[in-house]
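Here is a friendly walk through a structure that may be new to you. Have a look at it first, and then we'll go through some of its parts together.

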Amino acid sequence: MVKSSKQQEPEPRLEQQHQQEFLDLLMPVYAKALAYAQTITGSLMDGEDLVSDAVLRAYSRFAQLRNRERFSEWFFAILLNRFRNLRSRSRLHPLMLVAEPGGHPVFLEATARTSGDPAELGYQLTLARELLSHLHPRERDVIMLLGPAGFSVDEVARIQRCSRRAVIQRAYRARRKLARLLPKDAIPFRLLGTRGVSKNE
Amino acid sequence: MSEFQTKPDNAAEKLIQSVFAAREEESDPTIARLRFERRLSTNPRQPRVRTAIKVAAFFTALLVLGGWAASLPVHPLEDGQQIALKLPQDFCTAEYPYWVAVLAKHSNRLSEQGGHSLIVDYVEAGEGEYYLHLGILGVDYTQANEWVRSVLKEVPALADSSYSITQPLVPYRTSVRNMLAFKLLGNTEIVERDVVRAWNAAGDGLSSRSFIYLITRPADAARRVSMVGF
């Protein structure tokens, strides 16, 4: 009897270990993934939905990941793929916070906590999304992954399944396009990540 | 160009990085972990089957089921009758819709007895004589006979007409495969072979004047009647 109960136990325990291992690997990249998703969708809620969707998808495929050291690359590849799929099916409907800054209390709270001004975050999120939407999807991914997400060129090359040279070319191309879209000193507001530092300083 | 400088060098990049940094700063991995722990526990990992395997399994199942279903026999039906009813001498083809309406009106009684299909047609038998050909499904010989008698009694123009239930039916069995070939490809030969086999088995050899008449309707695909006549 004892033997049989021991035989039945490992399934849930293994599942729990599997889950803990997955979450241990996920949490260090979670903040970047969420920021990434919210920036490219231009929406706080759509970004959270996108990350949740990617997490569930990644968890269902976790057993297929052989090299756990490359978890962040693997997870971001899934995240980007989910973004492309969801956007092509029009499941993402970015909410324009700028249009109704006094609208939903959740947005109000989230934006006020960040910048003190409910309209500011919404405006900048929308502007960032608009700028990124003018880039080719692969250029957008490269500029985001190499820049704020902090991946190396080699890692991005593996995510995009292309050569290092192609990654760098895309990055420079994206940079040139962005420079044309928003000329120097064109931002008339204080950037969110530079608290206390104004444009003139 | 050997390495990319990640530091933003234009206003747009600075804006994107600042938005990114603000969102990164706002997120709370501890709360997220608790949320995902609960969510992953309620949505346990499902064993994933590759799409190619799913497609292969689907087609294999389709082949196996198709092979099995195709050999299923379709049993013969014995509830079809054909009646030849002589029309009045003054009948002209323009009146045909009128006779269809008359028979449709009397078909209510037929349906009360279980009949579900009445096919009306007319043929010219030479010298200005016309016959109505009625194909009835769902009733036996006696019921069909009683029905046609009642029609003759109630329709004055047919009071002196004669009729005949021209041929007994030759029920035959076939298979789903043959019926599908008949329905989808219009392959009548294979079904006619079944009819000839059944007719010969019944003891009446087919003469050179015989013909096989197959009645099919979309809603009644498996129901068919073979008739040998005239």
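To judge the length of a helix, take 1.5 Å times one less than its number of residues: that is its expected span. One thing to keep in mind throughout is that this is a predicted model.

Let's try that rule on chain B. Helix α1 of chain B covers residues 11-26, which is 16 residues. Its expected span is 22 Å, and the distance from its first C-alpha to its last is 23 Å, close to that figure. Helix α4 of chain B, residues 96-112, works out in a similar spirit: its 17 residues should span 24 Å at 1.5 Å a residue, and its end C-alpha atoms sit 25 Å apart, so the two values agree.

**Chain A and chain B as a whole**

What does the secondary structure of chain A come to, in helices and strands? Chain A has nine helices and zero strands, and along the sequence it simply reads α-α-α-α-α-α-α-α-α. Chain B mixes things up, with seven helices and six strands. Starting at the N terminus, its elements go α-α-α-β-β-α-β-β-α-β-β-α-α.

As for burial, 36% of the 201 residues of chain A count as buried. In chain B, which has 230 residues, the buried ones make up 24%. Then there are the contacts between residues at least 6 apart in sequence. In chain A, 63% of these join residues at least 24 apart; in chain B, residues 24 or more positions apart account for 62%.

**Two helices of chain B, up close**

Back to α1(B): is this helix mostly covered or mostly open? It is mostly covered, as twelve of its 16 residues are buried. Among them are B:Ile16, B:Val19, B:Phe20 and B:Arg23, and you'll meet those four again shortly. The buried set also includes B:Glu13 and B:Glu24.

Now for α4(B). Where does this helix bend? The bend is at B:His106 and comes to about 35°. Just after the helix, B:Gly114 has a positive phi of about 105°.

**A spot where chain A meets chain B**

A:Thr39 is part of helix α2 of chain A, residues 10-41. Why does A:Thr39 count as buried? Because it has 26 C-beta neighbours inside 10 Å, and 20 or more is enough to be called buried. Leaving aside residues up to four places away in sequence, A:Thr39 touches A:Ala128 in its own chain, and B:Ile16, B:Val19, B:Phe20 and B:Arg23 in chain B. Those four chain B residues are the ones named above as buried in α1(B).

A:Tyr59, in helix α3 of chain A (residues 44-60), is buried as well, because it has 21 other C-beta atoms within 10 Å. For a contrast, go to B:Ser175 in strand β6 of chain B, residues 174-175. B:Ser175 is partly exposed, with 16 other C-beta atoms within 10 Å.

Each of these three residues has a partner further along its chain, listed here with both kinds of separation.

| Pair | Apart in sequence | C-alpha to C-alpha |
|---|---|---|
| A:Thr39 and A:Leu125 | 86 residues | 6.2 Å |
| A:Tyr59 and A:Phe75 | 16 residues | 9.6 Å |
| B:Ser175 and B:Val191 | 16 residues | 9.2 Å |

**A helix pair in chain A, and the loop that follows**

Last stop: helix α7 (residues 137-146) and helix α8 (residues 153-160) of chain A. Their axes come within 10 Å and cross at roughly 145°, and the crossing of α7(A) and α8(A) is right-handed. Which residues meet there? From α7(A) come A:Arg138, A:Asp141, A:Val142, A:Leu145 and A:Leu146, and from α8(A) come A:Val153, A:Val156, A:Ile159 and A:Gln160. Sorted by class, this contact has six nonpolar, one polar and two charged residues.

Move on into the loop between α8 and α9 of chain A and you'll find A:Arg161. Is A:Arg161 buried or exposed? It is exposed, because just 8 other C-beta atoms lie within 10 Å, and 12 or fewer is the cut-off for exposed. The backbone of A:Arg161 deserves a glance too. Most residues other than glycine have a negative phi. A:Arg161 has a positive one, near 55°.

Terms used:
Residues are numbered from 1 along each chain as its sequence is written. Chains are lettered from A and ligands numbered from 1 in the order in which they are written. This is a predicted model: local features need pLDDT of at least 70, side-chain atom pairs count only at pLDDT 80 or more; totals for chains, interfaces and linings use all residues. Helices (H or I, at least four residues) and strands (E, at least two) are DSSP runs, numbered from the N terminus. The bend at a residue is the angle between axes fitted to the seven residues ending there and the seven starting there. Two residues are in contact if their C-beta atoms, placed from the backbone, lie within 7 Å. Axes are lines fitted to C-alpha atoms, for helices over the stretch in contact, and angles run from 0 to 180 degrees between N-to-C directions. A crossing is left-handed if the near helix is turned anticlockwise from the far one by less than a right angle, and right-handed if clockwise. Ala, Val, Leu, Ile, Met, Phe, Trp, Tyr, Cys and Pro count as nonpolar, Asp, Glu, Lys and Arg as charged, and the others, Gly among them, as polar.
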